[in-house]
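Work through the exercises below with the structure open. Try each task before reading its solution.

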Amino acid sequence: MISTIHKLCDKYQISALIIVCQSICYSQIGGKQSFAYLHMPSDARVCASGGVNVSAQDHNPQRVLQNPALLYADMKNIAGIHHYYYYAGIGNTTMSYSNHVKGRLWAAGFQYMSYGIANAYDVSGNDIGTTGANDYAMSVSTSEKQGNFTLGATVKFAGSQFTNFSSYALFTDIGALFKHPKRDFTIGLVFKNIGFVLKKYNINTDFVMPFDAQLGFSYKLEHMPLRFSTTIHHLYAYDIVYADPRIPQSYDLNGNPVYAVVSDADKIARHFVFGGEFLFSKGFHAVVGYNHLRRMELKNTEDMGLSGFSIGFMLKVRAFEIHYTRAFYHAAGGNNFLGITCLIDKVYKKQTATPVEVPKEN
């Protein structure tokens, strides 16, 4: 097994070089990345904990889309489907399945994001019907455990379709997880969306890969039913503030635009996502989260409301886990995320009757 890990590390040396190159070239992230939908929360539970979580393990195979090293032995024959209801009919659906195949852990995932239907017009303004746009990604993940460490990898084929134009790319995620041997404490590290474009919309299209490096930890308090998580995203860049140069905050006495100055503390805080999970019982969990980057970039200057916060719950009923999240992106309101996870073996588990002993005749 150790030799297998060494081989994996040798294969990933090229990927590490790509990571270094990307970290040098790019800093600010707003509106500059292609296939950015790959950053969307993978399931309702992750969304409730702030939208990013690379260290908390559970039975949901969708969690593997956050970090492939979260794939572990208990994820046997489990399927899940989650749907995120966005504004204006936009929706994001993820499906996943995990199982043991020939003694190895595997997970398959599918993500589909639809942007709805819109009226289409030609260059002369004539109505030519309707058109639509959608993004999708198919993935395969595997992991291998060695002592207290787990290494995982995901290969993703991503596509984007806009009316008659299409684009495709191939990505890989490389993740690691450390689990404390005695305490309920885990540390996760993942390098996401390392890849290249297979086909562009056209030859003049510029692409910036949606690369990210994320580090997080989760800890369950010993004497309280609370697990909290902290995740740091975009480790490769210090300043990820998106400041639109066309939107000044105010004007001085001479009519010159005045733009907001973001403090160093605020720049650092935008890298952090916080989540807390209250384990009231084995069948019911409540989850809360806070994403500072989301709050600061989507806030209303007059009323910030609950933007950046999220809340949800998990309800377990026999072989099914029902997940619901309400995430607040803007002061105007929030969005709903609904999902269900099924432990298939429990559904088809056969009930064996206890044999009745017949007394022997004398």
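**Exercise 1.** Find the distance between the closest N and O atoms in the salt bridge of Arg63 and Asp43, and place both residues in the chain.

*Solution.* Step one: the closest N and O atoms of Arg63 and Asp43 are 4.0 Å apart. A salt bridge is a side-chain nitrogen of Lys or Arg within 4 Å of a carboxyl oxygen of Asp or Glu. Step two: Arg63 sits in the loop between α3 (44–48) and β1 (78–85). Asp43 sits in the loop between α2 (13–25) and α3. The pair links distant parts of the chain, 20 residues apart. Helices (H or I, at least four residues) and strands (E, at least two) are DSSP runs, numbered from the N terminus. Step three: Arg63 and Asp43 are both buried. Buried means under 20% relative accessible area, exposed over 50%, and partly exposed in between (1.4 Å probe, protein chains only).

The model is predicted: local features need pLDDT of at least 70, side-chain atom pairs count only at pLDDT 80 or more, and totals for chains, interfaces and linings use all residues. Residues are numbered from 1 along each chain as its sequence is written, and side-chain values use heavy atoms, with hydrogens and water left out.

**Exercise 2.** Arg63 also forms a salt bridge with Asp58. Why does Arg63 count as buried?

*Solution.* Start with the bridge: the closest N and O atoms of Arg63 and Asp58 are 2.9 Å apart. Now the burial. Arg63 counts as buried because its relative accessibility is 3%. Asp58 has a relative accessible area of 7%, so Asp58 is buried too.

**Exercise 3.** Which parts of the chain does the salt bridge of Arg104 and Glu144 tie together?

*Solution.* First, the closest N and O atoms of Arg104 and Glu144 are 3.5 Å apart. Next, Arg104 lies in strand β3 (residues 104–121) and Glu144 in strand β4 (residues 127–146), so the pair ties together parts 40 residues apart in sequence. Last, check exposure. Arg104 is partly exposed at 27%, whereas Glu144 is buried at 8%.

Salt bridges that share partners also build one network, joining Asp43, Arg45, Asp58, Arg63, Asp184, Arg227 and Glu277.

**Exercise 4.** Describe the surroundings of Glu277.

*Solution.* Locate Glu277 first: strand β12 (residues 272–281). Glu277 is buried, with a relative accessible area of 10%. Its side chain makes a polar contact of 2.9 Å with the side chain of His285. (A polar contact is a pair of N or O atoms within 3.5 Å; within protein, one must be able to donate a hydrogen and the other to accept it, and residues adjacent in sequence count only if both atoms are side-chain atoms.) Leaving aside neighbours within four places in sequence, the contacts of Glu277 include Arg45, Pro225 and Arg227. Contact means heavy atoms within 4.5 Å.
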